Structures are given as structure tokens and as C-alpha cells.
Amino acid sequence: MRALLVTLGMVYVLSFGSTAVAAERMNVLVMGDSFMTSNGSARQSVPHVLSSLLKTRVKSKAVTGARHLYRLPITGALGMNISKQYRPGKWDVVVMNGGGNDLWMGCGCGKCTRKMARLISPDGKRGAIPSVVARARADGARVIYVGYLRSPGRGSPIEGCKPLGDALEARIAKLAARDPGMTFVTLADMVPFGDRSFHAADMIHPSPKGSAAAARRVAEAIKKAQKSSF
């Protein structure tokens, strides 16, 4: 009888422990462009590092070259259109980025007033970005929108995009400020002037160090949001 009670007690402890661990795990979806896919072959991309930091499985649908404003139907459905990367589900957190390719490849970071407005209006209420955020929020997910690294001021071919990038992210921050279920994570202050170590050799995409640093900020934002929800 005593042996039976001990056995039952062990089963209870193991079952309770398993449930506790499962309750702590999150369903995380990552969407976006090459900022999210960089260093993936070495398992050092933002989603890979984020999975390690959060100790949970992170599903990434991000695609290199993806845009928010993308018209071709077939490749768009395969993920070149960032909104098409979203899959309805019981996501606890959806981490996303995007907009850089729309401004750089879409209008050369030049006269982008109309394209910027299509991405997100000046008040942050309308556009492709608010629409995809709203879809994730409607499914009950917290949204973490991630900004881009800034150039260290040395040798970046997209140095001229900085003013537009700042304007885009200011609008996204306005969107996040109105929704307690959304957080905007800025990376604008991450790269010290003259420090090329956060970027890959092309001075556009993040190096493994840059991906890891961004993932840490995202993880901190998620943990902070979790604490505030209690």
C-alpha cells in the first residue's frame, strides 16, 4: 500500500511539473523580411536566438525580400507579401517587422510620400501595417513590431534611407501607443557610431551579433509584457 501511494505521488508530481512547464511555453510566430532571416543557415537568426532565450518553439514565416506592399499573387502567397505570412492560430505572441524593402526597393528612399501613406498613415491608424497588426490582435496575440538597425555611419548603401526609416517607425510607434496589446521595439540606438560589428559585410543586414542583440530586446519586451498582464 505504501509503495502504491509513493508511486501515485510520483505520478502526481511529474504530471503537475509537466503541466507547469507547458503553461509557461508560448506559441510565437515571426513574420517579416531578411532582417529576420539573416544568419538563419547558422541558426543565429533573430527567431533562432529568440527561441533559445524564451525556451520555446518559435515558428518563422519570414521571407528574404518580403514587403508589405506586394502585388504578385503567387509569390505573394508564398510569403513575399508580409501579410500573407500570417497564419490564424492560437498565437501568444506575433513578432513582425517590415517596410524597409518597400521604401528602398519600392521608391529608392526618394519621393515616397504615397508609398509611406499606403504602409501606414501619419496618425498610425490606416495602411498595410495597421491591417496586418489588427489581424494578429483579433486572434488574441500580442504583437511585437521590430524596427531596423541604423547604419554606423560608415559605408552603408542605405545611409540615405535613414530619414524615411525614422519617419516610418515614428508612425508605427503611434500605432503601438494606442494599443496596450502591441509593443514597438526600436533598434535605432543599438549601433554605436563607427561600429560595424552589428552589420554583415553588406552593411545592410545584421551580423550574428546584430541578430542576437535584436532578439534580446524582443525577448525583454515579451517578458515585460507578460509581467504587466498579471
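**H199 and its surroundings.** I began with H199 in this predicted model, and I listed its contacts while leaving aside neighbours within four places in sequence: L149, R150, S151, P152, V191, I204, H205, P206 and S207. I then placed H199 in the loop between β5 (182-185) and α9. Its relative accessible area is 7%, and because the cut-off for buried is under 20%, I entered H199 as buried.

**The largest pocket.** Two of the contacts of H199, L149 and I204, turned up again when I looked at the largest pocket, where they are among the residues closest to its centre, together with G100, Y148 and I158. I noted a volume of about 520 Å³ for this pocket and a lining of 30 residues. Sorting the lining by class, I recorded 13 nonpolar, eleven polar and six charged residues. I also asked which elements give two or more residues to the lining; these are α2 (34-37), α5 (100-107) and α8.

**Helix α7 against helix α8.** Since α8 had come up in the pocket lining, I looked next at how α8 (residues 162-177) packs with α7 (residues 128-138), and I found that their axes come within 11 Å and cross at roughly 35 degrees. I noted the crossing of α7 past α8 as right-handed. On the α7 side I picked out I129, P130 and V133, which meet L168, I172 and L175 of α8. By class, I counted six nonpolar residues in this contact, with no polar and no charged ones.

**Burial along α7.** I then listed the buried residues of α7, which are A128, I129, P130, V132, V133 and A136, and three of the names, I129, P130 and V133, had already appeared in the contact with α8. I asked what covers these buried residues, and my list includes β1 (28-31), β3 (93-96), α6 (113-119) and β4 (142-146), as well as α8 and β5. Just after α7, I marked G140 for its positive phi of about 90 degrees.

**A221 in α9.** My last entry concerns A221, which I located in helix α9 (residues 208-228). Is A221 buried or exposed? Its relative accessibility is 12%, so I counted A221 as buried. Not counting residues up to four places away in sequence, I found A221 touching I144, T183 and V185. I also checked A221 against F184, 37 residues apart from it along the chain, and noted a separation of 8.7 Å between their C-alpha atoms.

Notes
Residues are numbered from 1 along each chain as its sequence is written. This is a predicted model: local features need pLDDT of at least 70, side-chain atom pairs count only at pLDDT 80 or more; totals for chains, interfaces and linings use all residues. Side-chain values use heavy atoms; hydrogens and water are left out. Axes are lines fitted to C-alpha atoms, for helices over the stretch in contact, and angles run from 0 to 180 degrees between N-to-C directions. Helices (H or I, at least four residues) and strands (E, at least two) are DSSP runs, numbered from the N terminus. A crossing is left-handed if the near helix is turned anticlockwise from the far one by less than a right angle, and right-handed if clockwise. Contact means heavy atoms within 4.5 Å. Ala, Val, Leu, Ile, Met, Phe, Trp, Tyr, Cys and Pro count as nonpolar, Asp, Glu, Lys and Arg as charged, and the others, Gly among them, as polar. On a 1 Å grid over the protein atoms alone, a cavity is a set of points where a 1.4 Å probe fits but cannot get out, and a pocket is an open set with protein on both sides within 12 Å along at least five of seven lines; lining residues have an atom within 4 Å of a point. Grid points are joined across faces, edges and corners, and a volume is the space filled by probe spheres set on the points. Buried means under 20% relative accessible area, exposed over 50%, partly exposed in between (1.4 Å probe, protein chains only).
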